[in-house]
Amino acid sequence: MARDNGSPKIHQLDSTRWSVTYVLVVVALCITFYILGAWQNTTPPALDPTSNLATNAGCDCPCLRPGGSSSTAAALDFDAHHESSLNETPATIDKFPPCDLNFSEYTPCHDRTRGRRFERAMLVYRERHCPGNDELIRCLVPAPPKYKTPFKWPQSRDYAWYDNIPHKELSIEKAVQNWIQVDGDRFRFPGGGTMFPRGADAYIDDINALISLTDGTIRTAIDTGCGVASWGAYLLRRDIVTMSFAPRDTHEAQVQFALERGVPAMIGVMATQRLPYPARAFDMAHCSRCLIPWHAFDGLYLTEVDRVLRPGGFWILSGPPIHWKKYYQGWERTQEDLKNEQDSIEEVAKRLCWKKYIEKEDLAIWQKPFNHIECIESRRMYETTPQICKNDNADAGWYKKMEACITPLPEVGGPDEVAGGVLEKWPERAFAVPPRISRGTIPGVDSRKFEEDNAMWKERVTHYKRIILPLPKGRYRNVMDMNANLGGFAAALVKYPVWVMNVVPASSNRDTLGVIYERGFIGTYQDWCEAFSTYPRTYDLIHADGVFSIYQDRCDITYILLEMDRMLRPEGTVIIRDTVEVLTKVQAITDGMRWNNQIIDHESGPFNPEKILVAVKTYWTADPSTQQ
């Protein structure tokens, strides 16, 4: 009998149809549940009206609106208010005790008691000297009793609460110079200075009459020995951002006052170490009676200014010895002494190949050359000192000794070319491709990747605005980016009333701080296994992108988080981006730090392995009875 090799049997057809139907049903169900899940994840979590956060905020809408929350916890409260107290903090999360009141202004790497162990010559004892492992503290640095939320910018430029920085010393010591005045329960900053009794605004106008400060050419400045940073404060209205620094010395809390005003500043000193900034960073440098011996040590300090000054940049000096014929009696120095000092400074500037741009009344201005063609030639012909540095990383600025040699500029093709490249004027400079990138000096970064980075941070900041509603509304002023990379975060915030301290980890495989300065922003090098050179409670918002992945195998991340808490103002906000595994470790620590925190999804959605931890530091102050 012949075998039937024709069409399939009826039961075979039924089986095939059922298999296809089953697969289609399963696929349809998967798609349906995926859409439902995605819709549910994009719905903001409801704010529990019975929660403390809702009660304290006093608002009817959630202040946190994640675009994909990984948690259904109550929304975080970013508003400034003082209804929380130590008594309301659940005991279960109180792992880290408050430090004693005498730690309220603790600056770990600028501790004056520790500094006394070091030599006083060249102010070594005022440089960074960080605590060893046996000196680290595991407590939360407290705000002083009656601490209040600082005034909003621009009012903060002129006022600060006395209870936040209870020091009257400067108001007495500098009364005649109008640095600072006590006005009831607040300080008032008239804008005066040692060499600008008419006020910083008028003083800046005098400078502007000599070199243009308003055409966008000058964007970044450095103020050495800044006082309460009035010069930097009033330059901001001219779109010039200034890195002001001063030591923690007998002028109590001057840098703390600057930051309380919402003005960029750091604790720092001209001593033996290089400044923590890259070469060719600043368009303008300034010293107004800063008491730095510019002519001493073979002109070492002026040589360091030369390193961080851009080609064609200006150095401005007022105060001793400038205009000494008028002021020598008030300065209580002889005419001969002052004349010799000025002659010595002029000689150092000449050896650095600077030219005297102008001297008029109380101001003297020098200009750095645009390239080193003539400077190198003069060294060959006359063996002039200082010589050009050899085999030197010009950008190295972290625990590197100053050298009495001229930092070389990039080579040029002709005498009219600007070494390192020409910068766009501000504000175009913020988004123009920086010369360090266009010239290929940053490994792995070209113009295309720079543009992609800008687009990424624009998207991320848009996401942050949905999460942190007060971000664009003036709630924050002092912002820190702990791992700034190309400065994209700062660039995305450029239209907000904030300034950003862009930090590049000193051990980073790719040094990008020079790029950040070429974009017209400011920043510094830092090793996050150590404390930052600032006072407690000086930043409103701290951003940390991948910081804990970098440092988790280098040091105990607990101390990094405690340092963030020290720098953060009460009711300040933290944004931490990292992998889920790392953020879980971080959250386990922050749960004991009096922070309200929440892990939410990446802006691209729940399937991205990177997540975002958003935290708000609760308001609490020191118990006066804990003063030691």
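The expected span of a helix is 1.5 Å times one less than its number of residues. In this predicted model, helix α13, residues 447-467, offers a direct test of that rule. Its 21 residues should span 30 Å at 1.5 Å a residue, and the end C-alpha atoms lie 31 Å apart, which agrees.

The faces of this helix may be considered next. An α-helix has 3.6 residues a turn, so residues three or four places apart point the same way. The buried residues of α13 are Phe450, Asp453, Asn454, Trp457, Arg460, Val461, His463, Tyr464 and Ile467. These buried residues pack against two helices, α12 (435-438) and α14 (488-492), and against the strands β14 (539-545), β15 (568-579), β16 (595-601) and β17 (610-617).

Earlier in the chain, strand β7 comprises residues 282-288, and seven of its seven residues are buried. Strand β4 (residues 220-224) runs parallel to β7 and is joined to it by three bridges; within this pairing, Ile222 stands opposite Ala285 of β7. Strand β7 also pairs with β8 (residues 309-318), again in the parallel sense, over six bridges. Here His286 is found opposite Ile316 of β8. From β7 the chain passes through helix α8 (residues 300-308) to reach β8, forming a right-handed β-α-β crossover.

Finally, Glu336 belongs to helix α10, which covers residues 335-351. Is Glu336 buried or exposed? With a relative accessible area of 59%, Glu336 is exposed, because exposure is assigned over 50%. Its C-alpha atom is separated by 9.7 Å from that of Trp324, a residue 12 positions away along the chain.

Notes: Residues numbered from 1 in each chain as written. Predicted model: local features only at pLDDT ≥ 70, side-chain atom pairs only at ≥ 80, totals over all residues. Heavy atoms only, no water. Buried < 20%, exposed > 50% of the residue type's maximum accessible area, 1.4 Å probe, protein only. Helix = DSSP H or I, 4+ residues; strand = E, 2+ residues; numbered from the N terminus. Pairing = 2+ DSSP bridges. Right-handed = clockwise from strand over helix to strand, strands pointing away. Contact = heavy atoms within 4.5 Å.
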